[in-house]
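Me: I want to go through how two chains meet, and test each term against its criterion. Please keep the replies short.

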Protein chains: 2
Amino acid sequence: MQDVRVVLWGLGAMGGGIGRALAGRQGVQLVGGIAGRPEREGQDLGQVLGLEQPLDVACGTDAETVLRQAAGRMLMHATRSTVAEVEQEILLALDLGYDVISIAEEMAYPAASGGAAAARIHRRALERGRTVLGTGINPGFILDSLILALTAACLEVSSIHARRVNNLAPFGPTVMRSQGVGTTPEEFERGLESGEIVGHVGFPESIRLVAGALGWQVERIEQSREPIIATRQRRGQHITVPAGRVAGCNHTARCYVEGRPVLIMEHPQQIEPEAEGTDTGDFISIKGTPDIDMAIRPEIPGGLGTIALACNMLVAVLKAPPGLTTMPQLPLPRALPADIRQLLAADGG
Amino acid sequence: MQDVRVVLWGLGAMGGGIGRALAGRQGVQLVGGIAGRPEREGQDLGQVLGLEQPLDVACGTDAETVLRQAAGRMLMHATRSTVAEVEQEILLALDLGYDVISIAEEMAYPAASGGAAAARIHRRALERGRTVLGTGINPGFILDSLILALTAACLEVSSIHARRVNNLAPFGPTVMRSQGVGTTPEEFERGLESGEIVGHVGFPESIRLVAGALGWQVERIEQSREPIIATRQRRGQHITVPAGRVAGCNHTARCYVEGRPVLIMEHPQQIEPEAEGTDTGDFISIKGTPDIDMAIRPEIPGGLGTIALACNMLVAVLKAPPGLTTMPQLPLPRALPADIRQLLAADGG
């Protein structure tokens with residue numbers, strides 16, 4: 001089988017990381033880069049990615065032009081978070097013959113944020129004989145795929161409590177704003193109301209993935225976002241938060257089935273949680289037959305994890321049946337080898 | 001879709017547990033039971049399983065007769081551990097139109113113990129249009145599928161160290177013998193030589209599953225079995241071991257790739273490890289980008305876990321392409337709902 005011709009849409013921290021991770025692989029050829037920033041028009045993709053060698057591929061800002069000229073097969077899509085923001089981008093790529101792996105959080109299960117867009121993407125993918133997957137560390141893995149994988153050892157599951165505790169200290173100003181880091185409690189409340197403080201994007205998606213795969217009928221999902229008030233000074237790379245101010249956002253979601261909250265997810269995102277005795281980690285506790293208590297300490301880093309998930313699903317998506325798919329429908333995920341040519345040539349997963 | 005007609009082959013602790021777990025499900029019908037013990041000939045399967053109601057299905061000891069009369073679709077196979085012991089049973093079931101889920105440890109990756117038998121089973125399954133899967137808690141899950149799932153968050157994996165520490169205290173005399181519990185160190189050595197003490201069955205299978213899915217070329221696998229000497233008295237349900245005697249078998253395996261031991265698995269099996277300060281649990285440590293350190297405490301119980309894995313793969317195996325398959329080739333495993341009729345009716349995983 002020929003090399004997979006890959007186009008990157010989005011060349012920021014995530015899209016650029018995906019590009020660097022794929023650049024060295026045997027069996028993958030980077031053939032296009034769609035940039036958001038106008039100054040990248042015409043720049044060599046290798047240079048934009050910070051590779052040692054140029055790729056002799058010019059970046060462009062007009063997506064359709066880049067996708068057509070690249071004549072690629074796989075789009076690695078890392079632009080924005082919501083289905084509403086990315087639907088047209090994905091439809092365009094499908095129309096031009098691309099499979100799509102998107103790290104847009106809502107694409108992990110697009111029907112959670114609106115069935116119409118999900119149906120449109122699915123229909124278009126079927127028409128074009130191509131496959132669309134949304135993935136990432138979360139949604140896409142920790143609070144959905146990994147939970148499901150653990151339930152494989154259960155005869156029956158009565159409830160699930162999962163918690164991802166991370167440290168935002170390394171992140172930049174955009175993340176600080178979206179989690180309200182550094183605000184006063186009053187500013188935090190106003191930020192929630194205005195929509196500037198969003199917390200985690202992905203709970204409804206993770207919940208629908210888990211509930212759907214376990215055959216649970218979701219009655220309702222309750223979400224809450226509470227400020228995490230620092231009781232002593234905490235430091236991030238771009239901000240210092242004094243005691244009394246907000247160190248982050250404790251975002252939780254509860255999913256009710258038959259009147260019971262059977263699926264509880266917590267994702268407190270804050271700077272320097274260890275400064276006040278909170279360990280970071282990914283924690284999954286399943287009550288059932290048997291109970292399972294899992295901990296990953298420290299948490300799997302979000303940026304690296306998202307880049308890895310996107311890259312590692314490449315062969316599975318290429319081989320999947322056409323349509324809009326989800327992580328639980330695909331073969332057990334795993335790290336892709338540096339040389340994927342044998343996998344491309346083989347039948348099945 | 002009609003109910004899945006299931007036959008149980010093996011009605012001991014594992015096969016019986018699988019039967020009880022499936023008996024209550026919507027979409028599954030138990031239509032046959034193949035017993036090893038002659039006194040079960042003609043007994044009602046519901047009675048043998050300890051169900052409240054009879055199933056109006058007579059157990060039999062002649063496999064071919066039971067399989068033919070049952071006219072089933074799925075065989076849940078729980079007789080013995082090695083491919084050599086179970087090959088003819090599986091071929092017979094395939095010839096009579098059954099898909100097969102086997103908990104024979106070596107069936108998790110039959111090529112590890114001999115390529116010829118694996119090739120014969122694969123060929124027969126293709127001829128008959130049926131699917132064969134080996135699964136269980138281990139091999140099948142902890143030291144292979146779960147490891148692979150965790151690597152999905154890695155851009156690169158340089159080595160893996162996995163450890164399953166369990167407590168044999170609840171198990172009976174057969175397990176005590178196979179792990180050398182209660183022997184003197186000298187008897188332990190003789191037991192290893194005679195083959196009566198076997199340790200864990202499944203390291204080569206787990207290693208081949210992981211290495212194969214990660215694209216690693218296995219150079220060699222080294223295994224060692226060491227006695228775990230009690231330094232104080234330890235108690236199991238069927239045995240008490242004084243200080244100085246063997247409390248269990250520390251079985252380890254090291255897989256070399258390009259001269260390096262990249263995949264190390266340990267499975268110390270002993271009674272009452274906590275009596276000497278050893279916590280039980282399932283531990284997976286991945287060195288790579290990023291590192292991942294996972295712990296499940298206590299360990300997932302082996303018996304329940306094996307029963308669950310076998311039952312939970314039922315729909316995936318029914319829908320899989322014909323042939324001999326493995327866990328990493330199938331969709332992400334997860335707990336089956338109590339009512340599987342919707343899954344049976346749906347397309348895909």
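Reply: Start with a hairpin in this predicted model. S12(B) and S13(B) are joined by a hairpin through 2 residues.

Me: How do you know that S12(B) and S13(B) pair?

Reply: Pairing requires at least two bridges. S12(B) and S13(B) run antiparallel and are joined by 5 bridges, so the criterion is met. Within this pair, Asp282(B) stands opposite Ile296(B).

Me: What makes S6 and S12 of chain B a pair?

Reply: The bridge count again. Strand S6 (residues 156–167) and strand S12 (residues 281–289) of chain B are antiparallel over 9 bridges. At least two are needed, so they count as paired. Val165(B), for example, has Gly281(B) of S12(B) opposite.

Me: Why are S13 of chain A and S13(B) called paired?

Reply: S13 (residues 292–296) of chain A and S13(B) share 3 bridges, in the antiparallel sense. The threshold is at least two bridges, so the term applies. Ala295(A) has Ala295(B) as its bridge partner.

Me: How do you know that the copies are related as by a two-fold rotation axis?

Reply: Look at the superposition. A turn of 180 degrees, with a shift of 0.0 Å along the axis, lays chain B on chain A at an RMSD of 0.0 Å. The copies are thus related as by a two-fold rotation axis.

Me: Why can one say that the copies meet through the same surface?

Reply: Of the interface residues of chain B, 100% are also interface residues in chain A, so the surface is the same. The contact takes 48 residues from chain B and 48 residues from chain A.

Me: What is the area buried between chain B and chain A, and which atoms give 68% of it?

Reply: The area is about 3,600 Å², and carbon and sulfur atoms give that 68%. Helix H6 (145–151), helix H9 (203–214), strand S13 (292–296) and helix H10 (302–312) of chain B each supply at least two residues of the side that touches chain A. H10(B) gives the most, with 7 residues. By class, that side of chain B has 34 nonpolar, 10 polar and 4 charged residues.

Me: How many salt bridges and how many residue pairs in polar contact are counted between the chains?

Reply: Between chain B and chain A there are 0 salt bridges. No pair there meets the cut-off, a Lys or Arg side-chain nitrogen within 4 Å of an Asp or Glu carboxyl oxygen. Polar contact does occur between chain B and chain A, in 15 residue pairs.

Conventions:
Residues are numbered from 1 along each chain as its sequence is written. Chains are lettered from A and ligands numbered from 1 in the order in which they are written. This is a predicted model: local features need pLDDT of at least 70, side-chain atom pairs count only at pLDDT 80 or more; totals for chains, interfaces and linings use all residues. Side-chain values use heavy atoms; hydrogens and water are left out. Copies are superposed by least squares on the C-alpha atoms of residues with pLDDT of at least 70 in both. Contact means heavy atoms within 4.5 Å. Buried area is the accessible area (1.4 Å probe) that two parts lose on being put together, summed over both. A polar contact is a pair of N or O atoms within 3.5 Å; within protein, one must be able to donate a hydrogen and the other to accept it, and residues adjacent in sequence count only if both atoms are side-chain atoms. Helices (H or I, at least four residues) and strands (E, at least two) are DSSP runs, numbered from the N terminus. Ala, Val, Leu, Ile, Met, Phe, Trp, Tyr, Cys and Pro count as nonpolar, Asp, Glu, Lys and Arg as charged, and the others, Gly among them, as polar.
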